[in-house]
Amino acid sequence: MSQNPVHRGYFGIGVEGISKPMNLGAVLRTAHAFHASFCFTIGACFNVRDVLASDTSVAFDSMPVQIYPDVASFQAPVGCRIVGIEITDDAIDLPSFTHPPAAIYVLGAEKDSLTPAMQERCDFIIKIPTRFCVNLSVAGAIVMYDRMISLGRFAERPVRVGGPAAPLLKHKRGLPVWKQKQLKKQQNSD
């Protein structure tokens, strides 16, 4: 069993208008694997039993899965930024995107895009710079992986190909700032 990468913040991921239960199951399973805080659907039509055929981790039992009938009813937590994953001319390329600490990622349906109403709700639109569209569950996995390597705490990559892996430096814990100031004040008065 691998340890959780240490990072701050949280994220949720969902799909607007999904119609294939196997894709939804794959998104849920992958989100569960990447420690998503929650998942959601907007305007989806699915049968839970069909979704469980591809979600072998049974994410429904491990994290909240919210179901919204339409974009108007969709609610993001306070302070959470909405990031649309869509191929548009003005979308930010994923390798150039800085993930917000608190984020909701939303994908469009299999044979469609995010609706204009959903795109308008997004704080950012990002795209994966590929030759053509990838499956929506694959796109979700790529974005979650990018978030993990961007915000997680991992050792630096080696400079050389196949070079030795640098050890992960231990996190240094210090006194609270107020205590540090108090000690410094005491030292200066002595």
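Which residue in β7 is the bridge partner of I85? In this predicted model, the answer is I126. That bridge is a handy way into the fold, and the rest of the picture can be built up around it.

Taken as a whole, the chain holds five helices and seven strands. Read from the N terminus, the elements follow the order β-α-β-α-β-β-β-β-α-β-α-α. The chain has 190 residues, and 35% of them are buried.

Back to β7, then. This strand covers residues 124-127 and pairs with β4, residues 81-85, in the parallel sense, with three bridges between them. Strand β5, residues 92-93, pairs with β7 too, again in the parallel sense, this time over two bridges. I126 turns up in both pairings: I85 has I126 as its bridge partner, and I92 stands opposite I126 as well.

Strand β2 is another good place to stop. I42 lies in this strand and counts as buried, because its relative accessibility is 1% and the cut-off for buried is under 20%. Along the sequence, I42 and Q66 are 24 residues apart, while their C-alpha atoms sit 8.7 Å apart in space.

Next come the aromatic rings. Searching the whole structure turns up five aromatic pairs. One of them joins F40 and F74: the ring centres are 5.0 Å apart and the planes meet at 35°, so this pair is tilted. F40 belongs to strand β2 (residues 38-42), whereas F74 is in the loop between β3 (65-68) and β4, so the pair ties together parts that are 34 residues apart in sequence. F40 and F74 are both buried. Another pair is made by F97 and F124, with ring centres 5.4 Å apart and planes at 70°, so this one is edge-to-face. Here the loop between β5 and β6 (102-107) supplies F97 and strand β7 supplies F124, so the contact ties together parts that are 27 residues apart in sequence. The two partners are not equally covered: F97 is buried because its relative accessible area is 8%, whereas F124, at 24% relative accessibility, counts as partly exposed. Ring pairs also bring Y68 into the story, linking F40, Y68 and F74 into a cluster.

What about the cysteines? Zero disulfides come out of a search of the whole structure. For the term itself, a disulfide is a covalent bond between the sulfur atoms of two cysteines. As for surroundings, C39 is buried, with a relative accessible area of 1%. C133, on the other hand, counts as exposed because its relative accessibility is 58%, and the cut-off for exposed is over 50%.

C133 shows up once more at the largest pocket, which contains about 320 Å³ of space. The lining of this pocket is made of 18 residues, and those nearest its centre are I85, E86, I87, C133 and V134. Sorted by class, the lining has ten nonpolar, four polar and four charged residues. I85 therefore links two parts of this account: I85 bridges to I126 in β7, and I85 is also among the residues nearest the centre of the largest pocket.

Terms used:
Residues are numbered from 1 along each chain as its sequence is written. This is a predicted model: local features need pLDDT of at least 70, side-chain atom pairs count only at pLDDT 80 or more; totals for chains, interfaces and linings use all residues. Side-chain values use heavy atoms; hydrogens and water are left out. A disulfide is a pair of cysteine sulfur atoms within 2.5 Å. Buried means under 20% relative accessible area, exposed over 50%, partly exposed in between (1.4 Å probe, protein chains only). Two strands pair if DSSP finds at least two bridges between them. Helices (H or I, at least four residues) and strands (E, at least two) are DSSP runs, numbered from the N terminus. Rings of Phe, Tyr and Trp (its six-membered ring) pair if their centres lie within 6.5 Å; planes under 30 degrees apart count as stacked, over 60 as edge-to-face and the rest as tilted. On a 1 Å grid over the protein atoms alone, a cavity is a set of points where a 1.4 Å probe fits but cannot get out, and a pocket is an open set with protein on both sides within 12 Å along at least five of seven lines; lining residues have an atom within 4 Å of a point. Grid points are joined across faces, edges and corners, and a volume is the space filled by probe spheres set on the points. Ala, Val, Leu, Ile, Met, Phe, Trp, Tyr, Cys and Pro count as nonpolar, Asp, Glu, Lys and Arg as charged, and the others, Gly among them, as polar.
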